[in-house]
Amino acid sequence: MANFCLGTAQFGMQYGIANKTGKPDLNEIKKIINYSIQNDVSYFDTAQSYGNSEIVLGDALSNVEDLSKIRVISKLSPEIDLENLELIKKSVRSSIKKLNIDSLYGFLGHRFSAINNPSFRNALSILKEDNLIMNSGVSVYTPEEALKSIGLDNVDIIQIPFNLFDRRWIDMDIFDIAIRNNVKIFIRSIFLQGVILMSEEELIRKNMKWAIKYLRQFNMLVAQTPYTTKEVAFGVLGFLPGEISIIMGIETYNQLKQNIDLIKKSKFKKNFF
């Protein structure tokens, strides 16, 4: 089973095309965090640019008795000067303080331009020496960026957008190349920020009428299986090589329960994908 990583962008701002409920309140967030930990979720993904997500997540984590298994990943604000080592270190210390933890499990460049910068990669080495971060890497948007990143120093983690509509990552052997280089992959946007779960009426309201024909094709595929849309989207990820972590943004406690249940039970034949 793939690892579940709780995405927390929704904790600090309204995030996602299909977001219907907005930011959850603190009580709902604490329920989400507690249920996640009870179900062996140890990864939590946030960023310095996700509004007050780090503060809210830190507030929720302050009520957790044992933080030894909690692994928080944050990302550098795109507004910070990549050449300014002291400012980068200050931002990491600030993130750690907001999150109420001793160090970050992972600290990433929010864009490829960050990890492609030698000064930033040097800063990552220093942050590791100072025990402020354990792993480092980058969030990328294309397979080409992923390939360039995997070959760079201080890339232990990459975050990629992957879903049923995009085979490029498989066709370009991104997963196998990452395995050979001991790079962990975290997958985001498996529902295309909720697009594959939207109705045609919702797509029209979002000025996304162009997506209807693709969604119809996908729904026809799903209709030929005994599975739901979510089960198909989750299930195929279980057959990707290596240890994969799925970043799942959560708006409500009930949504979290449904998704964890789906990850636990989703099993498909090897030739499904």
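Here are some exercises on a predicted model, each with a worked solution.

Residues are numbered from 1 along each chain as its sequence is written. Because this is a predicted model, local features need pLDDT of at least 70 and side-chain atom pairs count only at pLDDT 80 or more, while totals for chains, interfaces and linings use all residues; side-chain values use heavy atoms, with hydrogens and water left out.

**Exercise 1.** Work out what span helix α2 should have, and compare it with the distance between its end C-alpha atoms.

*Solution.* Start with the element: helices are DSSP runs of H or I with at least four residues, strands are runs of E with at least two, and both are numbered from the N terminus. Helix α2 covers residues 26-38, which is 13 residues. The expected span is 1.5 Å times one less than the number of residues, so α2 should span 18 Å. Its end C-alpha atoms are 18 Å apart, in agreement with that.

Now look at both ends. At the start of α2, a side-chain oxygen of Asp25 comes to within 3.3 Å of the backbone nitrogen of Asn27. Just after α2, Asp40 has a positive phi of about 65 degrees.

**Exercise 2.** Find which residues of α2 are buried, and describe how α2 packs on α3.

*Solution.* Buried means under 20% relative accessible area, exposed over 50%, and partly exposed in between (1.4 Å probe, protein chains only). In α2, the buried residues are Ile29, Ile32, Ile33, Tyr35 and Ser36. A useful reminder: an α-helix has 3.6 residues a turn, so residues three or four places apart point the same way.

Next, take the axes, which are lines fitted to C-alpha atoms over the stretch in contact, with angles from 0 to 180 degrees between N-to-C directions. Helices α2 and α3 (residues 53-61) pack at about 60 degrees, their axes 9 Å apart. That makes α2 oblique to α3, since angles under 35 degrees count as roughly parallel, over 145 as roughly antiparallel, 65 to 115 as roughly perpendicular and the rest as oblique.

Finally, list the contacts (heavy atoms within 4.5 Å). Leu26, Ile29, Lys30 and Ile33 of α2 meet Val56, Leu57, Asp59, Ala60 and Leu61 of α3.

**Exercise 3.** Explain why α3 can be called largely enclosed, and say what covers its buried residues.

*Solution.* Count first: seven of the nine residues of α3 are buried, so the helix is largely enclosed by the rest of the structure. Those buried residues are Ser53, Glu54, Val56, Leu57, Gly58, Ala60 and Leu61. Their cover includes α1 (9-12), α2, β2, β3 (71-75) and α4.

**Exercise 4.** Describe the surroundings of Asp45.

*Solution.* Asp45 lies in strand β2 (residues 43-45). Its relative accessibility is 3%, so Asp45 counts as buried. Now search for polar contacts, meaning N or O atoms within 3.5 Å, one able to donate a hydrogen and the other to accept it within protein, where residues adjacent in sequence count only if both atoms are side-chain atoms. The Asp45 side chain makes one with the side chain of Lys75 at 2.9 Å and another with that of Gln159 at 2.7 Å. Leaving aside neighbours within four places in sequence, the contacts of Asp45 include Cys5, Thr8, Tyr50 and Ile247.

**Exercise 5.** Which residues does Tyr253 contact, leaving aside its neighbours within four places in sequence?

*Solution.* Locate Tyr253 in helix α13 (residues 253-265). With a relative accessible area of 19%, Tyr253 is buried. Its contacts beyond those neighbours are Glu28, Lys31, Ile32 and Tyr35. As a last step, compare positions: Tyr253 and Pro24 are 229 residues apart along the chain, yet their C-alpha atoms are separated by 9.2 Å.
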